[in-house]
Amino acid sequence: MGNPASLKGVRVVEVGNYMAAPFCCMQLADLGAEVIKVEVPTTGDLVRGSAPFIEGESSTFIRLNRNKRSLALDLKDPRGKEIFAGLVETADVLVENLRPGTMRDLGLGYADLSKLNAGLIYVAISGWGQTGPYAQLAGLDIMAQAMSGLMSITGEPGGPPLKAGVPVCDLVCGLYAALATMAALRTKERDGGGDFIDVSLYESGVSLAVWEAGRFFATGEVPTALGSAHQSAAPYQAIRASDGYFTVGATSGPTWRSFCEVLGRPDWEADERFANASKRHSYRLELVQEIEAVTRTETIRHWVSLLQRAGVPCAEIQGYDQVFSDPHLRERGYFWDAPHPLLGPIRQLGSAMSFTNAAVRRDTAGPVLGADSEAILLELGCSAEEVASLAERGVTRLARPAG
């Protein structure tokens, strides 16, 4: 559709489970790369076993793995390893998120594969990184959120530690991996040669502590949970109305002035406690108490309408039922339907990237396990007889036909 996608002609081999590597490769596939997802023939990516299911297919998998091809291949089998090595010889990028050392132990680590393909960009995603005292520990998103400090600042003051509602370390790590891949492709184009990229969930989580690092390194103060409040300015948080909460961010001089006018409290402008955003933050508890004494008298819609008209940043807090039918997103064409050979059209989240001179790819939903095994194996030089033999031995898996 439209102009060529930016990464058309780039081949990516993914050995990914769960979230970080598949999310990284989804970004690359959206940008036009050919992504071949190599999966265990018996189970595939373990997300395939995650509910809810649509006629036996994981609803999450078919959205997280769109625009990819599936090759079911046993990397522990000698012939499977040979085929995989041959595939990597044709690739520009390999992305994996197995425990550090797993690919090396299979004889398929960067040192092995770069001998076959000197220009290979090898992206290793892990919980803690490829080196260091934590490297061999199991590392899931919640552990990274815990160790990175994110859980210590999430939730209400004095409340129990909470993780973010989405697997933020997994997802941000996937984005960093995609960004690093793009940089390595540019370097390869300019200077030649490949690279080994080490990206971790832990460091991805720590990298988000922009405000927290600013406070700690300046003052030695350890940041703590603030609920929905900002780390250094106010009012910037969820505010109670008569029928729930809405968010407001009146932190600049003009927006604070307009906020006071809308709430009918021009006297706040002259109050020394509230003279600037920093002072308002220092007296945030008193300020919010005074604000909510006003806002609790009317509805969310009432206040959001008045504040938006006055140019004050504010918004309703939407549930996902509202998000997934949001008229703004619909008008911008954010959601789209991807064809699936067994399930028909599958609604997809759009890409956050939009280009003028390129196109974000919108092709297929996540593939059935082994959907492309036969085609890829034939492309790599296997005979039809060998493909059948490999399938019979369980080294590969051929997708069941539609219907």
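In which sense do E5 and E14 pair, and over how many bridges? In this predicted model, E5 and E14 pair in the antiparallel sense, over two bridges. The two strands belong to an open sheet of seven strands with mixed pairing, in the order E8-E7-E6-E1-E2-E5-E14. The points below follow this sheet, then a pair of packed helices, and then helix H10.

**The sheet and its edges**

- The edges of the sheet are strand E8 (195-200) and strand E14 (396-397), each of which pairs on one side only.
- Strand E6 (residues 93-96) and strand E7 (residues 121-126) run parallel and are joined by four bridges, and within this pairing Val95 has Val123 of E7 as its bridge partner.

**Strand E5 and its neighbours**

- Strand E5 (residues 68-73) is mostly covered, with six of its six residues buried.
- In a regular strand, side chains alternate between the two faces of the sheet.
- In E5, Lys68, Ser70 and Ala72 point one way while Arg69, Leu71 and Leu73 point the other way, and all of these residues are buried.
- Strand E2 (residues 34-39) runs parallel to E5 and is joined to E5 by five bridges, with Leu71 of E5 as the bridge partner of Val38.
- In the pairing with E14, the bridge partner of Leu73 is Thr396.

**Helices H1 and H7**

- Two packed helices are described by the angle between their axes and the distance between the axes.
- Helix H1 (residues 20-30) packs with helix H7 (residues 168-191) at an angle of about 45°, and their axes lie 8 Å apart.
- Angles outside the ranges for roughly parallel, roughly antiparallel and roughly perpendicular count as oblique, and H1 and H7 are therefore oblique to each other.
- The crossing of H1 and H7 is right-handed.
- On the H1 side, the contact is made by Ala20, Phe23, Cys24, Gln27 and Leu28, which meet Asp170, Leu171, Gly174, Leu175, Ala177, Ala178, Thr181 and Met182 in H7.
- By character, the residues of this contact between H1 and H7 divide into nine nonpolar, three polar and one charged.

**Helix H10 and its surroundings**

- Within helix H10 (residues 253-262), the residues Thr255, Trp256, Ser258, Phe259 and Cys260 are buried.
- The buried residues of H10 pack against strand E10 (244-249) and against four helices, namely helix H11 (267-270), helix H12 (277-282), helix H13 (284-295) and helix H14 (300-309).
- After H10 comes Gly264, which has a positive phi, near 70°.

Technical notes
Residues are numbered from 1 along each chain as its sequence is written. This is a predicted model: local features need pLDDT of at least 70, side-chain atom pairs count only at pLDDT 80 or more; totals for chains, interfaces and linings use all residues. Side-chain values use heavy atoms; hydrogens and water are left out. Two strands pair if DSSP finds at least two bridges between them. Buried means under 20% relative accessible area, exposed over 50%, partly exposed in between (1.4 Å probe, protein chains only). Contact means heavy atoms within 4.5 Å. Axes are lines fitted to C-alpha atoms, for helices over the stretch in contact, and angles run from 0 to 180 degrees between N-to-C directions. Angles under 35 degrees count as roughly parallel, over 145 as roughly antiparallel, 65 to 115 as roughly perpendicular and the rest as oblique. A crossing is left-handed if the near helix is turned anticlockwise from the far one by less than a right angle, and right-handed if clockwise. Ala, Val, Leu, Ile, Met, Phe, Trp, Tyr, Cys and Pro count as nonpolar, Asp, Glu, Lys and Arg as charged, and the others, Gly among them, as polar.
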